[in-house]
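Here is a short briefing to read alongside the sequence and the 3D view. Take a moment to find your way around, then follow the topics below.

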Amino acid sequence: MMRQFALSFDPESSSSPAGLPEPESIVAGLNEAQQQAVTALEGPVLIVAGPGSGKTRTLTHRIAYLLATGRAKPYQVLALTFTNKAAREMQERIRHLVGPQAARGITMGTFHSVFARILRIEGEALGYSRDFSIYDSDDSERILRSLMERFRIDSKQFSVRALRGLISSAKNAMVSPHDYGRMVASPIQEKAALVYPAYEETLSRSNAMDFDDLLLKPIALFQGHPEVLKKYQQKWQFLHIDEYQDTNHAQYTIAKMLAAAHRNLCVVGDDAQSIYAFRGADIANILSFQRDYKDAKTIRLEQNYRSTQKILALAESIIKQNRDQLEKHLWTDNTEGNFVLLMEALSEKDEAQKIERTIRELQTRAGHPYRDFAVLYRTNAQSRSIEDALRRASIPYRLIGGVSFYSRKEIKDALAYLRLMVNPHDAASLRRVINYPTRGIGDKTVEMLALFARERGYTLWQALDHLDESELAGRASGSVQKFHFLINQHAAQLATRPADEVARDLLQEAGLFSAFKQEQTLESQARWENVQELLNALAEHVQAAEGNDLSTFLQEVTLLTDADRADDGEVNRVTLMTLHASKGLEFPAVFVTGMEEGLFPLAKAAQDPRELEEERRLFYVGVTRAQEHLFLTHARTRFRYGQHESSLRSRFLDEVDTSVIRTESGRALEQKSDRFTMQPAAPAGRTITYDGVDPHYYRTPVGGARKGGSGRGGRDDDDNRVVYDEGEAQIVPGVAVEHQQFGRGKVLALEGRGDMAKATVFFHDHGQKKLVLKFARLRRLG
DNA sequence: AATAACTTTCTTTTT
DNA sequence: GAAAGTTATT
């Protein structure tokens, strides 16, 4: 469980400089560039660092150096990291470097967790009480779903997720609901514009903030209350931001505001490792740092301490394919190392088996313990086959990500109950549990309550408070009253009894536990245990420190990720995780799996040059996790979408330096570089044209013409070769087509089956369109 | 209102 | 193949 770091303003709470280590001891053992970065104490500093160059280490030592020289008191230091785990490790190391006393009081954590704490203290200025709920995307979608119903928006036509995405991007770009209304350019944006103001209204009435708000509200606070900004500018004299390439616009703005007075801002990042654009991360933040801060000192950390020469050579050749980069020349003193091994498998099962065998071999022959291995994949769904193989071979593994602990249904249900006690106006939580376990309060009743609340200007909870004034009567009314009392009664007890006991009682009386018991399955048993674990964590939290209560627990828990939770780093197991989750980690042996077109890069990403570059950076990140052994794997067929689909190896394998790669037979890799030609300098946002693309490259079956496995002497492989229906005149991705109205264009992708089959076509004169094949009457050219 | 049985859609990646 | 949404049944 995350510790709550004290947020101290008091200089006296920091220790005296006595007992501090010699500053020299802190830079000892660092290379020249690192020393430069550590000792450049004031003014804006940009550290451009390659993978494995010790960037986090450098940042850590810099903070230690600030403390050891007496230049900074701990409470004046702010360090923002990408995960809470990274913050914890950094805290650990600083403590080790300067001693626990001297390290006490540093503010450290992710942007989200640090500013959630600030909002607890300062949020009242914006109309929030300190017990505000933090909504994850699940909660946001719950709110949006009910709003879509209210505005009669067809959820089939416009998905909740898409709407949330639009609203989230709007918030990230700091576009207000009012302004958004004027910028509408498509039907779905129109719906988003309709819902956006109501969504914001619901959130603020619920005394709740979503993830975006945790960054936006501080900005609003600083803008509206200059004295508060000044207070924090004075407090945090030294700002540090790790993984700067993954900051979004709001984070950039916060940093700029806080650093405006003293300009002691030190950021570390690697533009080549920017992999979170989909979440609003803006690579421009790091690219333009020197422009924003004219006097910025730029320091490059180019020596790699992690990987062998061959692995690094492969990494370099990957990233060379991308444009727009800060110049870096990576090099290493490490040995040349082994060849990178490319393994081809028949299926995802076969792939998993090869991985499993390789692990066993390296373990027995080279004595690598299990913890030395990491298996990386593009999508969480891929973990399954690998898990199966490892389990069969009795190889212990730990899975990071996937369905994380705190996003499990039973945990979210339990959390919703607990949230209602501290923040009853939280509408998402109320809706979540008002009828779970079922107690006779159906959708109709809830909607009636919502309507009543809106008419009176009440929150949903206030509607329960004034139930007698509503039209609701009879059995439904009785159930609602009982629920209302249940929450109130327990909330009142929070003042006098330990929170974990009250929580346990509430869940018991709400019938959550008996719901599990009734099921009598292994799964329901596991769910029960999970909730117990949550309650234990709560008990631990409450006992850990003064000021820790249910409300702080709930806020912190929402911001935890799976990686933060796993404290079993010492356990000897193989690690399974997505490429994204692997950022910042290193392993002696790494498998980058699923190197197939359509999966890595994903089919969608392959259509947009910017997304394709991000996928390539992701490949780069994966490859640079490896210290000694690197394996790339791909499968010829993969079970996806409930069916076997055949796939071709990733284009990434055809654009890299093959001199460091060997296949299983020990031969060099034969490249087919002509499979894809694309304009090397496609301007951002424009669609790539695939001239000379092999029309059979994608083999998504269309037209429902999938033949059975038997008969006609067809091999397994042939089954999935049906790429078009006779009637559709060979419409496959890559071919040029003509449309009566739109003229000439190129097919980018196909989806759907039979009459529902649709093609995404890029028309030269009309841009990208999605057409139903049945009606489009596309004519194939050439 | 609640359950069971059916159908549809869908998968990126996550603070 | 799973999750979410829909329909039918009590």
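A residue counts as buried when its relative accessible area is under 20%, as exposed when it is over 50%, and as partly exposed in between. By that rule lysine 412, at 8% relative accessibility, is buried. Please keep in mind that this is a predicted model. With that in hand, let us start with the chain as a whole.

**The chain overall**

- Chain A has 30 helices and 24 strands in its secondary structure.
- Of its 782 residues, 55% count as buried.
- Chain A has an accessible surface of about 35,000 Å², and carbon and sulfur atoms contribute 48% of that.
- If you take the contacts in chain A between residues at least 6 apart in sequence, 73% of them join residues at least 24 apart.

**Salt bridges between helices H7 and H19**

- The structure has 42 salt bridges in total, and a few of them are worth a visit in your viewer.
- One of them pairs aspartate 138 with lysine 412, with an N to O distance of 3.6 Å between the side chains. Aspartate 138 sits in helix H7 (residues 137-150) and lysine 412 in helix H19 (residues 409-422), so this pair links distant parts of the chain, 274 residues apart.
- Are the two partners buried or exposed, or something in between? Aspartate 138 is partly exposed because its relative accessibility of 36% falls between the 20% and 50% limits, whereas lysine 412 is buried at 8%.
- Another salt bridge joins the side chains of arginine 419 and aspartate 139, at 3.2 Å from N to O. Arginine 419 belongs to helix H19 and aspartate 139 to helix H7, so this pair ties together parts that are 280 residues apart in sequence.
- Here each partner is buried: arginine 419 has a relative accessible area of 9%, and aspartate 139 comes in at 3%.

**A salt bridge between helices H20 and H21, and a network**

- Arginine 431 and glutamate 447 form a salt bridge whose closest N and O atoms are 3.2 Å apart. The pair links arginine 431 in helix H20 (residues 427-433) to glutamate 447 in helix H21 (residues 443-456), 16 residues apart.
- Arginine 431 is partly exposed at 22% relative accessibility, and glutamate 447 is partly exposed at 30%.
- Through shared partners, salt bridges also join Asp136, Asp138, Lys409, Lys412, Asp413 and Arg432 into one network.

**Around DNA strand B**

- Which residues come nearest to DNA strand B? Of the 23 residues around the strand, they are Arg161, Arg378, Thr561, Leu602 and Tyr641.
- By class, the surface near the strand has 5 nonpolar, 12 polar and 6 charged residues.
- Of the strand's atoms within 4 Å of the protein, 52% belong to sugar or phosphate, and the rest belong to bases.
- Arginine 161 has a side-chain N or O atom 2.7 Å from a phosphate oxygen of DNA strand B.
- Base oxygens of DNA strand B also have partners: a side-chain N or O atom of arginine 378 is 2.4 Å from one, and a side-chain N or O atom of histidine 112 is 3.2 Å from one.

**Asparagine 488**

- Asparagine 488 lies in helix H23 (residues 474-493) and is partly exposed, with a relative accessible area of 34%.
- The C-alpha atoms of asparagine 488 and methionine 421 are 7.1 Å apart, although 67 residues separate the two along the chain.

Technical notes: Residues numbered from 1 in each chain as written. Chains lettered and ligands numbered in written order. Predicted model: local features only at pLDDT ≥ 70, side-chain atom pairs only at ≥ 80, totals over all residues. Heavy atoms only, no water. Helix = DSSP H or I, 4+ residues; strand = E, 2+ residues; numbered from the N terminus. Buried < 20%, exposed > 50% of the residue type's maximum accessible area, 1.4 Å probe, protein only. Near = heavy atom within 4 Å. Polar contact = N/O pair within 3.5 Å; in protein donor to acceptor, adjacent residues only side chain to side chain. Nonpolar A, V, L, I, M, F, W, Y, C, P; charged D, E, K, R; others polar. Salt bridge = Lys/Arg side-chain N within 4 Å of Asp/Glu carboxyl O. Contact = heavy atoms within 4.5 Å. Areas by Shrake-Rupley, 256 points an atom, 1.4 Å probe, with all protein chains shown as cover.
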